Amino acid sequence: MSLAPTGLVIGRFIPPHLGHSHLIAEAISRVDRLVVMVNSRDGEPVPGDLRASWLAELHPLARVVEVRHDLDTDFNDAELWAKWVALFSSHWPYPDGPHIVFSSELYGSELGRRMGARSLVVDSDRATVPISGTVIRERPHEHLDYLAPVVRRWVEENWL
């Protein structure tokens, strides 16, 4: 299989979990260069720079970029979509691409279309790795096994 030149994964990763790692590993296997953008804003339960550093440590073949912003999310607002695309484009580190946007969420297909990229949805039904960030945030103590050791340690010390 020939690899696409570049790929993009975008997320909040609060906290990064094994489902995210599955998505990133799948993306890495399909592109020459992968960029993982960590959306962050003030007041989140896990600092964005920490999430980005964990992902960089866990996935050294990906280029991890923290994207700080104060944008709302409304998938029905075309002007807001344009702002999101401009934000991500301003942090894109290569002269071309992305060629594929990878996601496990429905917005990934629309983001890919708006960025002029193909999109690939990975494990959207959470069959391969049955966890989501929402579930972990709601009951972190019940889902520690879905966290990499470095993330689990921080959650145990700072969130429980």
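# Rings, pocket and backbone

Arg63 lies over the face of Tyr94, 5.5 Å from the ring centre. The model is a predicted one, where local features need pLDDT of at least 70, side-chain atom pairs count only at pLDDT 80 or more, and totals for chains, interfaces and linings use all residues. Numbering starts from 1 along each chain as its sequence is written, and side-chain values use heavy atoms, with hydrogens and water left out.

## Exercise 1. Charge over a ring

Find the distance from the charged end of Arg33 to the ring centre of Tyr94.

Solution.
- Step 1. Fix the test. A charge sits over a ring if NZ of Lys or CZ of Arg is within 6 Å of the ring centre and within 35 degrees of the ring normal.
- Step 2. Take Arg33. Its charged end sits over the ring of Tyr94, at 4.2 Å from the centre.
- Step 3. Return to Arg63. It also lies over the face of Tyr94, at 5.5 Å.

## Exercise 2. Aromatic pairs

State how many aromatic pairs a search of the whole structure finds, then classify two of them.

Solution.
- Step 1. Choose the two descriptors. A pair of aromatic rings is described by the distance of the centres and the angle of the planes.
- Step 2. Set the cut-offs. Rings of Phe, Tyr and Trp (its six-membered ring) pair if their centres lie within 6.5 Å; planes under 30 degrees apart are stacked, over 60 edge-to-face, and the rest tilted.
- Step 3. Count. The search of the whole structure gives six aromatic pairs.
- Step 4. Classify Trp92 and Tyr94. Their centres are 5.7 Å apart and their planes stand at 75 degrees, an edge-to-face pair.
- Step 5. Classify Trp154 and Trp159. The centres are 6.4 Å apart and the planes are at 75 degrees, so this pair is edge-to-face.
- Step 6. Extend the group. Trp54, Trp154 and Trp159 form one aromatic cluster.

## Exercise 3. Burial of the rings

Decide whether Trp159 is buried, partly exposed or exposed, and do the same for Trp154.

Solution.
- Step 1. Recall the classes. Buried means under 20% relative accessible area, exposed over 50%, and partly exposed in between (1.4 Å probe, protein chains only).
- Step 2. Trp159 has a relative accessible area of 23%, so it is partly exposed.
- Step 3. Trp154 has 18% relative accessibility, and therefore counts as buried.
- Step 4. Check the other pair. Trp92 and Tyr94 are both buried.

## Exercise 4. The largest pocket

Give the volume of the largest pocket and describe its lining.

Solution.
- Step 1. Define the object. The search uses a 1 Å grid over the protein atoms alone; a pocket is an open set of points where a 1.4 Å probe fits, with protein on both sides within 12 Å along at least five of seven lines, and lining residues have an atom within 4 Å of a point.
- Step 2. Define the volume. Grid points are joined across faces, edges and corners, and the volume is the space filled by probe spheres set on the points.
- Step 3. Read the value. The largest pocket has a volume of about 750 Å³.
- Step 4. Locate its centre. Among 34 lining residues, Ile10, Gly11, Arg12, Glu105 and Tyr107 are the closest to it.
- Step 5. List the elements giving two or more residues to the lining: strand E1 (4-11), helix H1 (18-28), helix H3 (78-91), helix H4 (107-114) and helix H5 (133-138). Helices (H or I, at least four residues) and strands (E, at least two) are DSSP runs, numbered from the N terminus.
- Step 6. Rank. H1 gives the largest share of the lining, four residues.
- Step 7. Sort by type. The lining holds 13 nonpolar, 13 polar and eight charged residues. Here Ala, Val, Leu, Ile, Met, Phe, Trp, Tyr, Cys and Pro are nonpolar, Asp, Glu, Lys and Arg charged, and the others, Gly among them, polar.

## Exercise 5. Strand E1

Identify the bridge partner of Gly11 in E2.

Solution.
- Step 1. Place Gly11. It lies in strand E1.
- Step 2. Pair the strands. E1 and strand E2 (residues 31-40) run parallel and are joined by seven bridges; DSSP must find at least two bridges for two strands to pair.
- Step 3. Name the partner. It is Val38.
- Step 4. Check cover. Seven of the eight residues of E1 are buried. Gly11 has 10% relative accessible area, and Leu8, also in E1, has 0%.

## Exercise 6. Backbone exceptions

Find which peptide bond is cis at Pro15 and which sign phi has at Asp123.

Solution.
- Step 1. Set the background. Most residues other than glycine have a negative phi, and most peptide bonds are trans.
- Step 2. The bond joining Ile14 and Pro15 is cis, with omega about -15 degrees. Pro15 lies in the loop between E1 and H1.
- Step 3. The bond from Gly97 to Pro98 is also cis, with omega near 5 degrees.
- Step 4. Asp123 has a positive phi of about 55 degrees. It lies in the loop between strand E5 (118-121) and H5.
- Step 5. Arg126 has a positive phi too, near 55 degrees, and is found in the loop between E5 and H5.
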